[in-house]
Amino acid sequence: MLAKGSEPWLFTAALVTALFAILSRAMNSSHLSHAAYIAMALTFFMVLFFRDPERKVEVSDTYMISPADGTVIDIRGRKICIFMFLQNVHVNRAPISGKIKEITYKKGGYLPAYWKDSERNERNEFIIHSKYGDVSVTQIAGTIARRIVSYSQVNDMIEQGQRIGMIRFGSRVDVTIPHDFEITVRKGERVLAGKTIIATIKNDRDF
């Protein structure tokens with residue numbers, strides 16, 4: 001399965017590949033033939049990058065799951081920062097069930113997403129109102145990324161593990177953890193969106 005919103009990129013890459021292949025045969029040009037192979041490799045990379053595998057998500061109010069694939073690069077108080085490398089799946093998922101209370105998009109620069117100065121980068125912040133309070137999920141663009149794609153809207157009811165958006169070509173996702181939860185991941189740990197438990201409830205009680 002391919003990520004929603006990837007169609008224009010894949011179509012363009014495939015079209016350029018076909019164009020170079022046709023021209024290389026018509027003109028018997030080795031240079032155009034090399035260009036066709038490069039375009040083909042680029043198309044293959046696009047397919048890998050925009051992959052969006054189906055994942056069975058075990059929904060539960062007793063824990064929070066990772067909103068992104070990648071590596072935990074920092075834990076700042078109640079905030080977990082996850083860096084997504086190019087080889088990671090870049091579709092982001094809801095860490096907890098609830099209602100989208102607010103979505104705030106901010107333009108910005110394109111510093112490496114693992115730098116602390118990347119707080120000035122382009123970003124898109126979701127505020128999910130859950131039974132345990134508000135949870136912030138922030139998509140942060142990196143050096144290559146040029147667009148953050150949102151799949152959800154304000155007032156949408158979302159289920160834990162549901163796809164909420166995507167960032168193109170390398171980026172970071174930050175998620176805040178309510179005080180009712182205990183963080184269970186460590187810096188340097190690899191996580192999977194919708195699968196890895198990043199926090200568990202301290203006291204399993206009704207709110």
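**View 1. A salt bridge between lysine 101 and aspartate 134 in the predicted model**. In this predicted model, lysine 101 forms a salt bridge with aspartate 134, and their closest N and O atoms lie 2.9 Å apart. The pair links distant parts of the chain, since lysine 101 belongs to strand β5 (residues 98-106) and aspartate 134 to strand β7 (residues 133-141), with the two positions 33 residues apart in numbering. Lysine 101 counts as partly exposed because its relative accessible area is 48%, and aspartate 134 is likewise partly exposed, with a value of 36%.

**View 2. The salt bridge of arginine 55 with aspartate 69**. The closest N and O atoms of arginine 55 and aspartate 69 are 2.8 Å apart, and the two residues form one salt bridge of the nine that the structure holds. Arginine 55 sits in the loop between α2 (30-49) and β1 (63-65), whereas aspartate 69 sits in the loop between β1 and β2 (70-76), so that the pair, 14 residues apart, links distant parts of the chain. Arginine 55 has a relative accessibility of 19% and therefore counts as buried, the cut-off being under 20%. Aspartate 69 is also buried, with a relative accessible area of 3%.

**View 3. Aspartate 74 and arginine 76 joined by a salt bridge**. Here the closest N and O atoms of aspartate 74 and arginine 76 are 2.7 Å apart. Aspartate 74, at 16% relative accessibility, counts as buried, while arginine 76, at 26%, counts as partly exposed.

**View 4. Strand β10 and the strands that it pairs with**. Strand β10 (residues 163-167) is mostly covered, for four of its five residues are buried. Strand β4 (residues 91-93) runs antiparallel to β10 and is joined to it by three bridges, and within this pairing asparagine 92 has glycine 165 of β10 as its bridge partner. Strand β8 (residues 148-150) is also antiparallel to β10, again with three bridges, and the bridge partner of isoleucine 148 in β10 is isoleucine 167. A network of salt bridges links Arg163 with Asp52, Glu54 and Arg93.

**View 5. An open sheet of three strands, in the order β1-β14-β12**. The strands of this open sheet are paired in an antiparallel manner. Because β1 and β12 (181-183) stand at the edges and have a single partner strand each, one side of each is left without a neighbour in the sheet. From one strand to the next, the twist averages 25°. Strand β14 (residues 197-201) is joined to β1 by three bridges, and these two strands run antiparallel; at one position of this pairing, isoleucine 65 has isoleucine 197 in β14 as its bridge partner.

**View 6. Serine 60 and its side-chain contact with threonine 62**. Serine 60 is placed in the loop between α2 and β1, and with a relative accessibility of 17% it counts as buried. The side chains of serine 60 and threonine 62 are joined by a polar contact of 2.7 Å.

How values were computed. Residues numbered from 1 in each chain as written. Predicted model: local features only at pLDDT ≥ 70, side-chain atom pairs only at ≥ 80, totals over all residues. Heavy atoms only, no water. Salt bridge = Lys/Arg side-chain N within 4 Å of Asp/Glu carboxyl O. Buried < 20%, exposed > 50% of the residue type's maximum accessible area, 1.4 Å probe, protein only. Pairing = 2+ DSSP bridges. Axes fitted to C-alpha atoms, helices over the stretch in contact; angles between N-to-C directions. Polar contact = N/O pair within 3.5 Å; in protein donor to acceptor, adjacent residues only side chain to side chain.
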